[in-house]
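Work through these exercises with the model open beside you. Try each task before reading its solution.

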Amino acid sequence: MHQSFRVLLVEDDDSLRSCLSEFLACQGWDVAATAFAHDAVRLAQQQRFDFSLLDFHLPGTTGLQLFQQLAAVRPLPAILMSGLASAEEAAAAQHAGFFAFLRKPLDLGRLRGALQQLIQAHFGGPLVLRQVALRLPPNPPTGPAPRSSH
């Protein structure tokens, strides 16, 4: 079963955003991708999306806060992603109503599974996602930048 979906992707890591955009577009889906929550809200006001993928840690806000802002425009199912992926973040995501919470670095198998479950639950299914060979970038280091020995 092939369905076309409109996906809102909000991820501040440029390389991961690019890889995820490519992965989603290879499914035949329309993808609007941004690094910033304010752009995501503006896009949601201008276009209708079927679901979203949101990063937990965004410049000046969180994916949780953005999820609430998007729901005020139009509620839509969402998957939350986090590099830290603490138990507190997972619980907050579940409490906020996210469909799924994924740890970064992302495992494409888990992402595919979460997308299939989301689409089946919200749009009917089953859905067979196209196999796409992508190499997702590793998480960037979260600590301070290494010091130069110069």
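## Exercise 1: Two helices that cross

H1 passes H5 in a right-handed crossing. The model is a predicted one.

**Task.** Describe how the axes of H1 and H5 are placed, and state which residues of the two helices meet.

**Solution.**
- Start with the measures to use. Two packed helices are described by the angle between their axes and the distance between the axes.
- Read off both values. The axes of helix H1 (residues 14–25) and H5 come within 13 Å and cross at roughly 50°.
- Classify the angle. It makes H1 oblique to H5.
- List the contacts. H1 contributes Leu20, Phe23 and Leu24, which meet Leu108, Leu111, Arg112 and Leu115 of H5.

## Exercise 2: The two sides of H3

**Task.** Which residues of helix H3 (residues 63–73) are buried?

**Solution.**
- Pick out the buried residues: Gly63, Leu64, Leu66, Phe67 and Leu70.
- Place them around the axis. They cover an arc of only 160°, so they sit on the same side of H3.
- Turn to the other side of H3. Gln68 and Ala72 are exposed there.

## Exercise 3: Unusual backbone geometry

**Task.** Where do Ala85 and Pro105 lie, and what is notable about the backbone at each?

**Solution.**
- Recall the usual case. Most residues other than glycine have a negative phi, and most peptide bonds are trans.
- Check Ala85. Its phi is positive, about 50°, although the residue is not a glycine.
- Locate Ala85. It is in the loop between strand E6 (78–82) and helix H4 (87–96).
- Add its surroundings. Ala85 is buried, with a relative accessible area of 5%.
- Check Pro105. A cis peptide bond joins Lys104 to it, with omega about 5°.
- Locate Pro105. It lies in the loop between strand E7 (100–103) and helix H5 (108–123).

## Exercise 4: Cysteines

**Task.** How many disulfides does the structure hold? Are Cys19 and Cys26 buried or partly exposed?

**Solution.**
- Recall the bond. A disulfide is a covalent bond between the sulfur atoms of two cysteines.
- Count them. The structure holds zero disulfides.
- Take Cys19. Its relative accessible area is 15%, so it is buried, the cut-off being under 20%.
- Take Cys26. It has 35% relative accessibility and counts as partly exposed.

## Exercise 5: The whole chain

**Task.** How many helices and strands does the protein have, and in what order do the elements run?

**Solution.**
- Count the elements: five helices and seven strands.
- Write the order from the N terminus: β-α-β-α-β-β-β-α-β-α-β-α.
- Add burial. Of the 150 residues of the protein, 46% count as buried.

Conventions:
Residues are numbered from 1 along each chain as its sequence is written. This is a predicted model: local features need pLDDT of at least 70, side-chain atom pairs count only at pLDDT 80 or more; totals for chains, interfaces and linings use all residues. Side-chain values use heavy atoms; hydrogens and water are left out. Buried means under 20% relative accessible area, exposed over 50%, partly exposed in between (1.4 Å probe, protein chains only). Helices (H or I, at least four residues) and strands (E, at least two) are DSSP runs, numbered from the N terminus. The arc is that of the directions from the helix axis to the C-beta atoms. A disulfide is a pair of cysteine sulfur atoms within 2.5 Å. Axes are lines fitted to C-alpha atoms, for helices over the stretch in contact, and angles run from 0 to 180 degrees between N-to-C directions. Angles under 35 degrees count as roughly parallel, over 145 as roughly antiparallel, 65 to 115 as roughly perpendicular and the rest as oblique. A crossing is left-handed if the near helix is turned anticlockwise from the far one by less than a right angle, and right-handed if clockwise. Contact means heavy atoms within 4.5 Å.
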